[in-house]
Amino acid sequence: MRQGLRNVWYLGLKELRSLRHDRAMLVLIAFAFTLAIYSAATGAPETLQRAPLAVVDEDHSALSMRLREAFGPPYFLPPPVISLRDVDPAMDAGRYTFVLDLPRHLQRDLLGERAPTLQLSVDATRMTQAFTGGAYVQAICQAEIAEFLQRHRSGDAQAGALARLVLRNRFNPTLTPSWFGAVAELINNVTMLGIVLTGAAWLREREHGSLEHLLAMPLSPLEIMAAKVWSMGLVVLLGCCASLWLIVHLLIGLPLPSTTWVFVLGAALQMFAVTSLGIFLATMARSMPQMGLLLIMVLLPLEMLSGASTPRESMPEAVRLLMLAAPTTHFVSLSQATLFRGAGLAEVWPQLLAIAGIGAGFFGIALTRLRRAIGAMA
């Protein structure tokens with residue numbers, strides 16, 4: 001037993017030395033835990049940000065001026081006032097994504113309890129802004145018009161005071177989208193690197209011919225696999241912790257709760273599961289290009305259907321049940337509970353047990369496959 005643990009230890013150190021000389025993998029690790037997370041968190045925000053909008057003011061009233069002043073940073077750029085004949089040329093040239101037309105007699109019709117129509121022209125070729133921007137413009141206009149009318153109609157003001165909705169946002173009071181993007185990208189990169197590093201470590205042995213030397217030594221497949229799992233898992237886990245503190249916390253600004261150690265524990269179990277999966281995929285591939293094709297088939301479902309990118313509630317029931325067999329699904333739930341809501345071990349122990357059980361299953365399957373592969377090579 002003691003000799004087996006020593007073999008696993010020294011074989012793991014050998015894997016770390018091999019990784020130290022693999023510059024491509026080192027660059028991939030550094031990029032995945034720094035620039036990839038920061039760009040994913042800040043590059044494509046889910047909320048509207050600095051969208052170009054112009055206003056056609058045909059009313060020139062106090063209400064139209066109030067509506068023009070309501071649009072500005074951070075959602076919109078300060079809106080210029082253009083004439084009606086300049087709308088089509090400006091949108092054809094791509095200068096504005098939105099053009100809001102305030103019709104004549106807008107204020108008079110509203111005070112006279114008539115229903116005027118405001119026209120919003122949208123450049124739908126800018127899909128991200130066009131998809132959400134219309135709702136922003138509608139909400140801002142409705143809020144400003146409602147407040148304006150309450151000051152001029154005492155009955156409406158009294159009716160509005162009878163029931164008032166007060167919103168209180170917990171866990172993310174400012175609704176900062178970069179917090180969620182950073183954590184989702186961190187989870188995806190942890191899964192990706194855990195599979196890639198262990199798979200590359202096994203294929204590196206085959207391509208360099210060092211696997212035959214291992215087979216000639218008194219080593220069991222369990223020792224060979226355990227060494228790769230602990231060494232590559234440790235590298236990814238340390239990178240995850242460093243990225244969580246330096247990039248997600250200090251640079252992006254996500255506050256870390258006191259129960260962050262539960263997330264680290266879950267990440268360690270996730271490493272156990274995905275590194276075992278990486279060895280299983282490596283035993284099925286004969287080269288790194290084949291390994292890359294297998295990664296596409298595995299990583300895309302794990303990232304898209306685990307709940308990090310798309311809420312699981314919006315998925316079909318069959319997909320949700322199928323993805324319960326993936327460790328990433330439980331790791332995403334654990335990460336969101338611990339990092340966003342400050343959940344402790346008492347709340348997330350089912351996810352920890354699920355990850356450990358799935359990891360043990362992957363480890364057993366990968367070990368069986370590894371023994372067959374080594375037996376065929378011998």
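This is a short talk about salt bridges, burial and overall form in one predicted model.

Mentor: The model is predicted, so local features need pLDDT of at least 70, side-chain atom pairs count only at pLDDT 80 or more, and totals for chains, interfaces and linings use all residues. Residues are numbered from 1 along each chain as its sequence is written, and side-chain values use heavy atoms, with hydrogens and water left out.

Trainee: What makes Arg 66 and Glu 144 a salt bridge?

Mentor: A salt bridge needs a side-chain nitrogen of Lys or Arg within 4 Å of a carboxyl oxygen of Asp or Glu. Between Arg 66 and Glu 144, N to O is 2.8 Å. The pair therefore meets the definition.

Trainee: Why is this pair said to tie parts together?

Mentor: Arg 66 lies in helix H4 (residues 62-70) and Glu 144 in helix H7 (residues 127-152), so the bridge joins parts that are 78 residues apart in sequence. Helices (H or I, at least four residues) and strands (E, at least two) are DSSP runs, numbered from the N terminus.

Trainee: Which salt bridge does Arg 66 form with Glu 147?

Mentor: Those side chains meet at 3.2 Å, N to O. Arg 66 in helix H4 and Glu 147 in helix H7 are 81 residues apart.

Trainee: Why is Glu 144 called buried, and why is Glu 147 called partly exposed?

Mentor: Buried means under 20% relative accessible area, exposed over 50%, partly exposed in between (1.4 Å probe, protein chains only). Glu 144 has 19%, so Glu 144 is buried. Glu 147 has 35%, so Glu 147 is partly exposed.

Trainee: How far apart in sequence are Glu 317 and Arg 320?

Mentor: Three residues, about one turn of helix H14 (residues 317-323). Their closest N and O atoms are 2.6 Å apart, in a salt bridge. Glu 317 has 44% relative accessible area and counts as partly exposed. Arg 320, at 24%, is partly exposed too.

Trainee: How many salt bridges are there in the whole structure?

Mentor: Seven. Lys 14, Glu 15 and Lys 228 are linked in a network of them.

Trainee: How do you know how the chain compares with a compact globule?

Mentor: By the radius of gyration, taken over C-alpha atoms; the globule rule is 2.2 Å times the number of residues to the power 0.38. For 378 residues that gives near 21 Å, but the protein chain has 28 Å. Its C-alpha atoms fill a box of roughly 95 × 50 × 40 Å along the principal axes.

Trainee: What is the chain built from?

Mentor: The protein chain has 16 helices and three strands. Of its 378 residues, 44% count as buried.
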